Each structure stands twice: as C-alpha cells, then as structure tokens.
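Visitor: I would like a walk through this model, with the reasoning behind each label spelled out. Could you show it to me?

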Amino acid sequence: MSVAEFKDEIAHLKTQLASQTGPPPLPTNSPSSHALLLLSDSALPLGSFAFSSGLESHLAHHPSRSHTPIQSFLSLALQTLATTTVPYLLAAYRDPSRLQELDDTLDASILCHVTRRASTAQGRALLTVWERAFCGTVGEGNEEREVLAALSVELKKVISRPTPEVGNAQTTAFGHFAPIWAVVTRAMEIPIADSANVFLLNHAKAVLSAAVRASVIGPYQAQAVLGSGWLRREIKGLLRGNWDVEIEGAGQGVPAMDLWVGRHEMLYSRIFNS
C-alpha cells in the first residue's frame with residue numbers, strides 16, 4: 001500500500017468514527033415499564049412461593065400421573081384463574097372506585113376456602129408492599145391511592161375485630177389479590193393489557209416454582225416452559241376469551257380444580273399452603 005492510499009484509508013476511518021460519535025442508545029425506562037419489571041420480579045414479597053395452586057394435591061390424588069407433562073396442569077391452573085378472577089381484575093382496573101365492592105363480590109363467589117385464603121394472603125401482602133414501598137411514587141390526590149388507602153383502613157378494622165357481628169350490614173373488607181393488583185398497576189401507569197398479562201404470567205411462575213420444589217420438573221425445564229411460545233399463546237388466548245366477560249359471567253372453568261385445592265388440607269403431609 002502506497003503512502004497516498006494509506007492516508008486515504010486513515011481519512012475514511014476518521015469519517016466513519018466521526019459519524020458514530022454521540023451518546024449511546026439507552027432504554028426508554030418509562031415509569032410504566034420500570035413498574036412492570038418490579039411487579040413481575042419473583043422476589044416481590046407476596047408469599048406466592050407458599051402456594052402450589054392445587055398442584056401438590058393433584059399429584060397426591062393422581063400418583064400414577066406423576067410424570068404427566070406439567071403443561072397439562074399449568075393449562076388448567078391458568079384457565080381457572082382466567083375464568084374466575086381476571087374479570088374482577090379488569091373491572092377493578094376500569095373503575096377503581098369499585099374496589100371494595102369487587103373485593104366483597106369476589107369473596108362471595110369463591111367456593112373453595114383454600115383458594116380464598118391464598119387470594120387474601122397475597123392481596124394483603126401486595127397492599128403492604130404498596131403502602132411501604134410503591135405508594136410514594138404516586139402523587140397526592142391520586143384516585144387509586146385513595147381507594148387503596150380506604151381499603152387498607154377497612155382491612156385494619158376487620159383484623160382488629162376478633163369476631164365480626166352476625167348480621168352486620170357494614171361492608172367487610174377481605175383484601176383479595178386480583179382487584180388490588182389491578183388498582184396498584186393502574187396507579188403505577190401500567191397498561192391494562194400488561195397488567196392482566198403479568199398477573200397470569202406470575203401465576204405460571206408460581207406453579208412452575210412449586211413443580212420444581214415438588215421434584216416434578218427441573219429448574220431448566222421450568223424456564224423452558226416460561227420462555228416457550230406455548231405459554232405466550234396460552235395466556236394470550238385466555239385474555240382474549242375473557243376480555244369482555246363481566247363479573248356476573250365469571251365462574252370456575254375447571255370444576256375439578258376446586259376439589260384438588262379444597263382437599264389439600266386433607267393430605268397426610270404437605271409442603272405448601274394450597
């Protein structure tokens with residue numbers, strides 16, 4: 001290479017370098033996407049690790065099916081949550097002022113006491129996380145903040161009351177997970193579709209985590225299911241099928257699931273609360 005060609009090559013490289021200068025591309029890091037990452041984190045202290053959503057009871061009552069693909073049970077668990085609970089989530093997101101009404105109605109519609117206990121345990125845990133960690137990110141006078149604060153006050157009254165009066169007409173707060181999740185995600189500016197999607201995805205995470213601890217599958221297989229196109233299509237189909245369902249149309253899509261969850265307390269030994 002001659003000296004002239006060498007100088008031309010240097011000039012060309014300098015031109016390329018100059019065209020690439022400037023700040024590096026950065027993620028949008030919008031408040032909604034940041035909040036979505038926080039709420040989808042498995043480290044969020046909701047206590048979901050304590051519940052198997054009927055998987056442990058299902059395995060105990062069907063020992064010959066211990067090697068059944070986990071997708072079969074996971075599909076039933078997601079269908080149950082979508083048909084019984086997602087309509088309440090969507091209703092609470094669309095109208096946060098109905099939070100206490102939806103909380104009360106959802107409690108009345110849950111037939112299985114084990115499911116009811118799991119829902120209220122996680123709902124109250126999420127409300128505690130909101131009050132202690134996330135509430136400060138929302139400005140004063142926010143509607144969602146006010147209705148969550150009102151529900152928290154009612155819950156504290158219920159918890160401090162040792163035995164509720166029979167026939168008391170006063171509305172009783174329960175703190176169910178789905179409606180509280182809806183209002184919290186709305187307060188954090190997460191779109192309704194993302195709110196419902198992550199709600200179902202987190203449930204899938206909890207079921208698969210329980211399957212790993214129950215030695216049904218390994219951790220890598222669990223991650224493979226979470227990352228599969230099958231799970232994405234499953235959640236998308238369930239959301240599409242229940243998107244316009246009113247709470248009056250919500251109901252158990254898998255009746256056997258109530259039997260498995262309800263009989264969990266009858267197991268001789270167990271490692272989960274449901």
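**An enclosed helix and two pockets**

Guide: Welcome! Let us begin with α5: 8 of its 9 residues are buried, so the helix is largely enclosed by the rest of the structure. Please keep in mind that this is a predicted model.

Visitor: Which residues of α5 are called buried, and what makes them so?

Guide: They are V86, P87, Y88, L89, L90, A91, A92 and Y93. The word means under 20% relative accessible area, so each of these residues falls below that cut-off.

Visitor: What covers the buried residues of α5?

Guide: The cover includes α4, α6, α9, α10 and α12, the last of these spanning 229–242.

Visitor: How do you know which elements the predictor is most and least confident about?

Guide: Confidence is given per residue as pLDDT, from 0 to 100. Among the elements, helix α5 (residues 86–94) has the highest mean, 97, and helix α1 (residues 3–19) the lowest, 72. For the protein, the mean is 84, and 84% of the residues reach 70 or more. Over residues 164–169 the pLDDT is below 50, and this stretch has 0 contacts beyond near neighbours in sequence.

Visitor: Why is the space of about 950 Å³ called a pocket rather than a cavity?

Guide: In a cavity the probe fits but cannot get out, whereas a pocket is an open set of points, so the name tells you that this space is open. It is the largest pocket, at about 950 Å³.

Visitor: What makes a residue part of the lining of the largest pocket, and which residues lie nearest its centre?

Guide: A lining residue has an atom within 4 Å of a pocket point. By that test 44 residues line the largest pocket, with S53, L81, Q122, F177 and H203 nearest its centre. Two or more lining residues come from each of α4 (70–84), α6 (99–109), α7 (113–134), α9 (177–187), α10 (192–213) and α13 (255–262). The greatest contributor is α10, with 7 residues.

Visitor: How does that lining divide by residue type?

Guide: It holds 22 nonpolar, 18 polar and 4 charged residues.

Visitor: And what makes up the second largest pocket?

Guide: The second largest pocket holds about 180 Å³ of space. It is lined by 13 residues, and P31, T137, V138, A187 and M188 are the closest to its centre. Both α2 (31–39) and α9 supply at least two lining residues, and α2 gives the most, with 4. By type, this lining divides into 7 nonpolar, 3 polar and 3 charged residues.

Definitions and conventions
Residues are numbered from 1 along each chain as its sequence is written. This is a predicted model: local features need pLDDT of at least 70, side-chain atom pairs count only at pLDDT 80 or more; totals for chains, interfaces and linings use all residues. Side-chain values use heavy atoms; hydrogens and water are left out. On a 1 Å grid over the protein atoms alone, a cavity is a set of points where a 1.4 Å probe fits but cannot get out, and a pocket is an open set with protein on both sides within 12 Å along at least five of seven lines; lining residues have an atom within 4 Å of a point. Grid points are joined across faces, edges and corners, and a volume is the space filled by probe spheres set on the points. Ala, Val, Leu, Ile, Met, Phe, Trp, Tyr, Cys and Pro count as nonpolar, Asp, Glu, Lys and Arg as charged, and the others, Gly among them, as polar. Contact means heavy atoms within 4.5 Å. Buried means under 20% relative accessible area, exposed over 50%, partly exposed in between (1.4 Å probe, protein chains only).
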